[in-house]
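User: I would like to go through the contact between two chains and then the sheet in one of them. Please keep the answers short and end each on the value or name I ask for.

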Protein chains: 2
Amino acid sequence: MAYAKSGWTALADATRRTIFERLVDHPSSVSGLARALPVSRPAVSQHLRVLKDAGLVVDAPAGKQRIYRVDPAGLAALRAELDVFWSKTMAAYKTAIEQSPEEPK
Amino acid sequence: MAYAKSGWTALADATRRTIFERLVDHPSSVSGLARALPVSRPAVSQHLRVLKDAGLVVDAPAGKQRIYRVDPAGLAALRAELDVFWSKTMAAYKTAIEQSPEEPK
DNA sequence: CTAACGCGTAAGGCTAGACTTACGTGTTGT
DNA sequence: ACAACACGTAAGTCTAGCCTTACGCGTTAG
């Protein structure tokens, strides 16, 4: 399942990262988030849209409200991508100890 | 240690992510990276500056060139931050299942 | 010494996107 | 029924930042 936008892009903005961090702690409604942030409610809606498109959050209607929560699948995808970076880096780091690899090209 | 800019911001841009991915595979010079990318060499320099400020890469002079490589410490910091998200999300996910049984579809 | 290479930085143009206000839709309570 | 609430979206403004060309500094080869 391909996401509309990369999770990296979604978590790039500071405000959006704050929203995500709050959702990590506990699910919230849109206005609940907006009340705790220095931006307007529509701005929060737009941020949530980006996070949703990235697969990082899911939403469910709850009466008049709409509760957003973190989507474990999207977070896992990001984690997997980062782990590839990590393992490759560690592998290169390990081989770099005994010899000094030079890359002229 | 605090970095000038968040690693999330540094990896937000697609071009910068490509540069980082190449450095994950093997250290490179600036022009080496520029040759493989559809942007100019100064653009690569500016991207590397952002990655360096975020603590994700380190550079070392090598003759006329300047070799950039991934900094394991910066990558580990990002990984740690993501792991916090992950563990918190899993904890909330687990209690959500225990308290309210998920209805099968 | 001089020329060429590799790199970083400055200055400017231009697009992406973060934010606002205004409005429309669906839901709940009176 | 109407009114209030929660939310999403449209339209427009404005800033951040990505990319370019032009230039200056250090390093190496001839």
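User: How many residues of chain B are in contact with chain A?
Analyst: The model is predicted. On the chain A side, 27 residues take part in the contact. The two chains bury about 2,800 Å² between them, 71% of it on carbon and sulfur atoms. The number of chain B residues in contact with chain A is 29.

User: Which residue of chain B forms a salt bridge with A:Arg79?
Analyst: Between chain B and chain A the count is 4 salt bridges. In the one formed by A:Arg79, the closest N and O atoms are 2.4 Å apart, which is within the 4 Å cut-off for a salt bridge. The partner of A:Arg79 is B:Asp83.

User: Which element supplies the largest share of the side of chain B that touches chain A?
Analyst: Across the interface, 6 residue pairs are in polar contact, both residues being at pLDDT 80 or more. On the chain B side, α1 (7–10), α2 (14–25), β3 (65–70) and α5 (72–99) each supply at least two residues. The largest share, 13 residues, comes from α5(B).

User: How many nonpolar residues does the side of chain B that touches chain A have?
Analyst: Sorted by class, this side has 8 charged and 4 polar residues. The nonpolar residues on it number 17.

User: Which strands of chain B stand at the edges of the sheet, and why is one side of each left without a neighbour?
Analyst: The sheet is open, has 3 strands with antiparallel pairing, and follows the order β1-β3-β2 in chain B. Each edge strand has a single partner strand, so one side of it has no neighbour in the sheet. The edge strands are β1 (28–29) and β2 (57–62) of chain B.

User: Which residue of β3(B) is the bridge partner of B:Ser28?
Analyst: β1(B) and β3(B) run antiparallel and are joined by 2 bridges. One of the pairs is B:Ser29 with B:Ile67. From the β2(B) side, B:Asp59 stands opposite B:Tyr68. The bridge partner of B:Ser28 is also B:Tyr68.

User: Which residue takes a positive phi in the hairpin of β2(B) and β3(B)?
Analyst: β2(B) and β3(B) pair in the antiparallel sense over 6 bridges. Their hairpin has 2 residues between the strands. The residue with a positive phi, near 70°, is B:Gly63.

User: At about what angle does α2(B) run to β3(B)?
Analyst: α2(B) lies across β1, β2 and β3 of chain B. Helix α2 (14–25) of chain B also supplies at least two residues of the side that touches chain A. The angle between α2(B) and β3(B) is about 90°.

Notes: Residues are numbered from 1 along each chain as its sequence is written. Chains are lettered from A and ligands numbered from 1 in the order in which they are written. This is a predicted model: local features need pLDDT of at least 70, side-chain atom pairs count only at pLDDT 80 or more; totals for chains, interfaces and linings use all residues. Side-chain values use heavy atoms; hydrogens and water are left out. Contact means heavy atoms within 4.5 Å. Buried area is the accessible area (1.4 Å probe) that two parts lose on being put together, summed over both. A salt bridge is a side-chain nitrogen of Lys or Arg within 4 Å of a carboxyl oxygen of Asp or Glu. A polar contact is a pair of N or O atoms within 3.5 Å; within protein, one must be able to donate a hydrogen and the other to accept it, and residues adjacent in sequence count only if both atoms are side-chain atoms. Helices (H or I, at least four residues) and strands (E, at least two) are DSSP runs, numbered from the N terminus. Ala, Val, Leu, Ile, Met, Phe, Trp, Tyr, Cys and Pro count as nonpolar, Asp, Glu, Lys and Arg as charged, and the others, Gly among them, as polar. Two strands pair if DSSP finds at least two bridges between them. Axes are lines fitted to C-alpha atoms, for helices over the stretch in contact, and angles run from 0 to 180 degrees between N-to-C directions.
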